[in-house]
Amino acid sequence: FLIAGLGNPGREYRETRHNVGFMVVDRLAVKLNARFTRLQSRALVASGKLMLPGTLEEERKIILAKPQTFMNLSGQAVSGLIHFYKIPLTNFIVAYDDIDLPLGTIRIRPDGGSAGHKGMTSILEKLGTDDFPRLRLGIGRPPGQTQTPDYVLDEFSKADQAVISEALNRAVEAVIRFVSNGLEAAMNGFNGAGA
């Protein structure tokens with residue numbers, strides 16, 4: 001399985017709204033006791049194993065990826081990893097921010113367009129298909145006259161941090177459900193979950 005989280009590299013972007021995809025895979029790495037120690041296909045990569053619930057030896061190998069290409073070129077890293085590891089698209093999910101969903105809401109879908117998200121646009125172009133799962137994490141709409149680029153590259157307010165932290169925990173559980181029980185189980189268990 002390949003779990004890709006979208007974001008921008010660099011300390012100045014670490015806590016921004018646009019980096020919730022990175023935040024999801026960072027929390028997954030902690031859960032799987034995996035570390036981002038290598039750079040591969042222009043992405044920071046970590047490997048881990050998930051023991052399936054109710055079994056003693058059945059496990060799934062998971063590759064976690066954080067593209068280091070900056071958001072608009074995410075497809076370069078993602079497509080390279082998919083081809084290198086020969087990952088079927090049914091075993092791939094990408095996590096990213098969505099301004100069209102209320103803060104903290106999770107939406108998992110089997111396919112679809114980019115809805116203007118530049119990282120997703122890049123992945124769709126590089127893979128040549130929209131037929132792969134995605135987990136969108138709501139960050140809410142920009143308030144007032146705030147421009148979208150300024151909003152997504154800003155950090156969460158203190159009030160929003162608790163909401164997004166809880167949503168990130170649910171997103172991690174959703175990905176684990178996806179790996180363990182399949183896409184439909186993840187969608188049924190987590191779609192709409194949140195604020």
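Me: Two strands count as paired when DSSP finds at least two bridges between them. On that basis, in which order do the 7 strands of the open sheet stand?

Reply: The model is a predicted one. Its open sheet holds 7 strands, and their pairing is mixed. Neighbouring strands are turned by 30° against each other on average, with direction ignored. The order is S2-S3-S4-S1-S5-S7-S6.

Me: Which are the edge strands?

Reply: An edge strand pairs on one side only. Two strands of this sheet meet that condition, one at residues 38–40 and the other at 106–109. They are S2 and S6.

Me: Which residue in S4 does Ile 3 stand opposite?

Reply: Strand S1 (residues 2–5) pairs with strand S4 (residues 59–67) in the parallel sense, over 3 bridges. In S4, the residue opposite Ile 3 is Leu 64.

Me: What angle does the direction of H5 make with that of S7?

Reply: H5 packs on the sheet, where S1, S3, S4, S5, S6 and S7 are touched by this helix. H2 also packs on the sheet, and its direction makes about 155° with that of S4. For H5 and S7 the angle is about 170°.

Me: Which element gives the most to the largest nonpolar core?

Reply: This core has 40 residues, and Ile 3, Leu 64, Ile 108 and Leu 135 have the most contacts inside it. Leu 64, leaving aside neighbours within four places in sequence, is in contact with residues including Val 25, Leu 28, Phe 36 and Leu 44. A second, separate core of 21 residues includes Ile 63, Leu 81, Val 94 and Phe 132. The element that gives the most to the core of 40 residues, with 10 of them, is H5.

Me: At roughly what angle do the axes of H1 and H5 cross?

Reply: The axes of H1 (residues 20–32) and H5 (residues 158–181) come within 9 Å, and the crossing is right-handed. Among the residues that meet are Val 24 and Leu 28 in H1, and Leu 168 and Val 172 in H5. By class, this contact has 10 nonpolar, 2 polar and 3 charged residues. The crossing angle is roughly 65°.

Me: Which residue with positive phi follows H3?

Reply: H3 spans residues 118–127, and its buried residues include Met 120, Ile 123 and Leu 127. Helix H2 (74–85), strand S5 (92–98) and strand S7 (134–138) are among the elements that cover the buried residues of H3. After H3 comes a residue with phi near 70°, Gly 128.

Conventions:
Residues are numbered from 1 along each chain as its sequence is written. This is a predicted model: local features need pLDDT of at least 70, side-chain atom pairs count only at pLDDT 80 or more; totals for chains, interfaces and linings use all residues. Side-chain values use heavy atoms; hydrogens and water are left out. Buried means under 20% relative accessible area, exposed over 50%, partly exposed in between (1.4 Å probe, protein chains only). Helices (H or I, at least four residues) and strands (E, at least two) are DSSP runs, numbered from the N terminus. Contact means heavy atoms within 4.5 Å. Axes are lines fitted to C-alpha atoms, for helices over the stretch in contact, and angles run from 0 to 180 degrees between N-to-C directions. A crossing is left-handed if the near helix is turned anticlockwise from the far one by less than a right angle, and right-handed if clockwise. Ala, Val, Leu, Ile, Met, Phe, Trp, Tyr, Cys and Pro count as nonpolar, Asp, Glu, Lys and Arg as charged, and the others, Gly among them, as polar. A nonpolar core is a set of buried Ala, Val, Leu, Ile, Met, Phe, Trp, Tyr and Cys residues joined through side-chain atoms within 4.5 Å.
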